[in-house]
Amino acid sequence: MLEIKGVTRRFGEFVAVDQLSLTVQAGEFFTLLGPSGCGKTTLLRMLAGFEQPDAGQILLDGQDLTSVPPERRPIHTIFQSYALFPHLTVADNVGFALRMAGVPKAEIRRRVAEQLEAVHLSGLDKRYPSELSGGQRQRVAVARALINRPRILLLDEPLAALDLKLREQMQLELVRLQREVGIAFVYVTHDQSEALALSQRVAVMNRGRIEQLDPPRRLYALPRNRFVADFIGSCNLLDAEVRAIRGNDLLLAVDGIGELLVPRDCEAWVGQRGALALRPEQLRLSLPGEPAPGDVALDGLVDGHLYLGHITSYQIATASGARLEVQRANGAPGLHQGLDRGAAVRVSWPREAGRFLPE
Amino acid sequence: MRKPPPSWLLSVPPLLYLLALFALPGLLMLLVAFRLPGDYGGLMPLWSDEDGALTVNLTLENFTRLVEDDIYLKLLASSLLYALLTTALCLVLGYPLAWMIARSRRRWRDLLLLLVILPFWSNFLIRIYAWMIILSPVGALSRGLNALLEMLGLGPVQLMFSPTAVIICLVYVHLPFMVLPLYANLEKHDPALLEAARDLGASAWQRFWRITAPLSLPGVLAGSALVFIPSFSMFAIPDLVGGTGGIMIGNVIKQQFLEARDWPFGSALSITVTLVVLALAALAAAAARRGVRHA
């Protein structure tokens with residue numbers, strides 16, 4: 001169990017990590033997600049030991065790591081650039097940690113062979129990093145970091161340099177590998193879809209703090225604030241104010257829409273400002289005059305659309321003055337294809353799809 | 001459409017340059033080494049016609065003399081030793097300096113590099129004269145050193161006009177040639193490699209010997225070549241500060257051309273020096289090829 005307690009790191013005036021606390025469970029796939037400059041990499045570097053916190057503590061299974069240098073932490077890192085040693089073969093790269101620890105040569109050979117097999121690199125042991133493809137380099141980095149069985153593996157955007165197809169394949173492999181070795185992975189990324197796909201829990205970071213820490217499904221379905229809703233997936237966010245509280249519902253006055261009811265799932269008070277969040281895939285399109293499938297319906301015009309293969313994303317300008325993104329699965333039954341710019345449509349959604357997010 | 005000029009055309013200027021300034025003089029030197037010296041310097045005509053008997057004045061004597069009189073081979077060997085020692089000392093002194101400059105903050109780096117090349121702004125001979133003052137028996141260095149030795153009950157030493165003086169000046173003059181290529185190499189190292197090594201449990205010592213040292217090998221070789229080659233054939237420094245004990249092969253070559261006026265023998269010595277350097281360079285290149293390939 002890795003505990004981060006009130007850790008702060010400043011660079012001059014800039015506070016990179018601000019009194020941050022969180023706990024990573026043993027064997028967990030944990031992700032730090034956030035835009036660049038949110039402090040996720042700084043936090044990772046403090047876990048590895050390359051940065052010292054200005055305040056706070058980092059504990060691994062109860063032991064204080066704060067004063068332990070990186071070379072003596074049972075924590076290894078996979079660097080964004082992989083940082084493979086260019087003058088060493090694949091086998092020497094993978095066996096590096098064992099060699100530094102003075103493990104006998106025969107045992108190093110045996111364990112390197114074992115590790116290379118685990119990442120499907122058998123037979124490439126005599127190659128140099130410059131002779132490998134991007135995916136192979138990534139596997140070497142993984143094998144090198146795992147060979148002497150660290151208690152935690154830190155991964156700093158390890159897939160950022162790969163193309164999409166390979167990235168998806170490596171995502172599956174990382175998840176499989178993490179289950180096999182059973183140690184906690186702390187994964188840093190700015191790619192929200194990667195975070196959702198891989199992790200058991202995700203901490204969304206912004207300006208050195210955690211905005212929300214939840215499992216992926218909860219994070220997507222119940223974002224706690226505007227930042228998280230905007231960062232995870234795409235989301236229509238319309239400025240709103242609470243007009244009244246009616247039992248388990250909130251009556252909102254929404255810019256460009258007017259008054260509507262949404263379920264109440266957080267503390268709220270009359271007069272509170274915030275945003276109405278609507279996921280684009282929860283909105284429905286129908287032709288004007290047809291019965292609308294949702295509880296709330298607005299007339300509007302198609303302002304533009306993007307064909308994305310599996311879905312089409314429509315930009316709708318409602319008559320009431322709001323702009324909404326609506327996503328439709330291509331090939332879904334109902335509305336016929338080909339809503340061109342300027343076409344009159346009706347946007348509707350079930351009442352429960354709307355959520356109020358406080359500022 | 002005009003055809004683009006063939007690519008070999010590009011290599012014509014450098015080839016001409018090498019031909020005119022390197023190959024031709026070298027060839028000339030090689031040819032002269034088989035000639036006989038003229039009676040008043042210069043060369044004896046290639047053939048002479050005495051009483052109708054045509055004699056061709058070519059000889060191997062310059063090379064046999066070089067081998068038979070062992071003073072030349074000894075000088076060659078001691079010059080080799082001077083050059084190797086100079087290279088080793090420059091490496092030991094220059095590596096930490098280059099490393100320090102490469103690791104210093106960017107705004108300091110240019111200033112530090114400027115300081116490294118600053119000596120080039122004054123004339124080489126003037127800098128050696130300065131060393132003559134420093135090393136002279138009445139100079140502060142000699143006096144301080146001898147005072148220290150006297151306290152330890154040891155006799156006084158003379159720095160000036162000794163092999164020590166030659167080595168000091170050789171190292172002083174050639175140090176920048178070691179520092180600059182080393183700096184150029186070390187500055188390019190990816191700091192993530194050292195972090196990765198540290199992350200994997202390597203101590204500071206291990207990080208240096210396993211990562212930094214092998215990756216800097218090309219810089220070490222370049223610097224060593226730039227120091228070794230001019231040191232080996234140096235004559236000005238031993239002339240000025242070496243006295244009788246600190247003589248090098250370069251002095252003898254200079255003597256043959258300017259004083260003994262035996263151009264053919266001087267050429268033979270020169271050719272030999274060139275061959276030794278080439279042989280060593282080939283040896284170093286062969287030994288380093290494997291290490292450098294992936295660095």
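Let's start in chain B of this predicted model, where B:D49 has B:L54 in β2(B) as its bridge partner. That pair belongs to a small piece of strand pairing: β1 of chain B covers residues 47–50, β2 of chain B covers residues 53–56, and the two run antiparallel, joined by four bridges. Now look at the turn. The hairpin of β1(B) and β2(B) leaves two residues between its strands, and B:D51 takes a positive phi there, near 55°.

Over in chain A, you'll find an open sheet of four strands, paired antiparallel and ordered β2-β1-β4-β5. Its edges are β2 (14–24) and β5 (63–64) of chain A, each of which pairs on one side only. Follow β2(A) to its neighbour: strand β1 of chain A, residues 2–11, pairs with β2(A) in the antiparallel sense over seven bridges. For a landmark along this pairing, pick A:I4, which stands opposite A:L22 in β2(A). While you're tracing these strands, keep a general rule in mind: side chains in a regular strand alternate between the two faces of the sheet.

Next, the helices and the surface. Helix α3 of chain A spans residues 96–100, and A:R99 sits in it. Is A:R99 buried or exposed? Neither, quite: A:R99 counts as partly exposed because its relative accessibility is 38%, and partly exposed is the class between under 20% (buried) and over 50% (exposed). A:R99 also has company, since a positive surface patch is formed by A:R99, A:K105, A:R109 and B:R210. So our tour, which began in chain B, ends with a patch that takes in residues of chain A and chain B.

How values were computed. Residues are numbered from 1 along each chain as its sequence is written. Chains are lettered from A and ligands numbered from 1 in the order in which they are written. This is a predicted model: local features need pLDDT of at least 70, side-chain atom pairs count only at pLDDT 80 or more; totals for chains, interfaces and linings use all residues. Side-chain values use heavy atoms; hydrogens and water are left out. Patches are made of residues with over 30% relative accessible area and no salt bridge: like charges are joined within 9 Å, nonpolar side chains (Val, Leu, Ile, Met, Phe, Trp, Tyr) within 5 Å. Accessible areas come from the Shrake-Rupley method with a 1.4 Å probe; for residues, only the protein chains shown count as cover. A salt bridge is a side-chain nitrogen of Lys or Arg within 4 Å of a carboxyl oxygen of Asp or Glu. Lys and Arg count as positive and Asp and Glu as negative; His and the chain ends are not counted. The place of a charge is taken as NZ of Lys, CZ of Arg, CG of Asp or CD of Glu. Buried means under 20% relative accessible area, exposed over 50%, partly exposed in between (1.4 Å probe, protein chains only). Two strands pair if DSSP finds at least two bridges between them.
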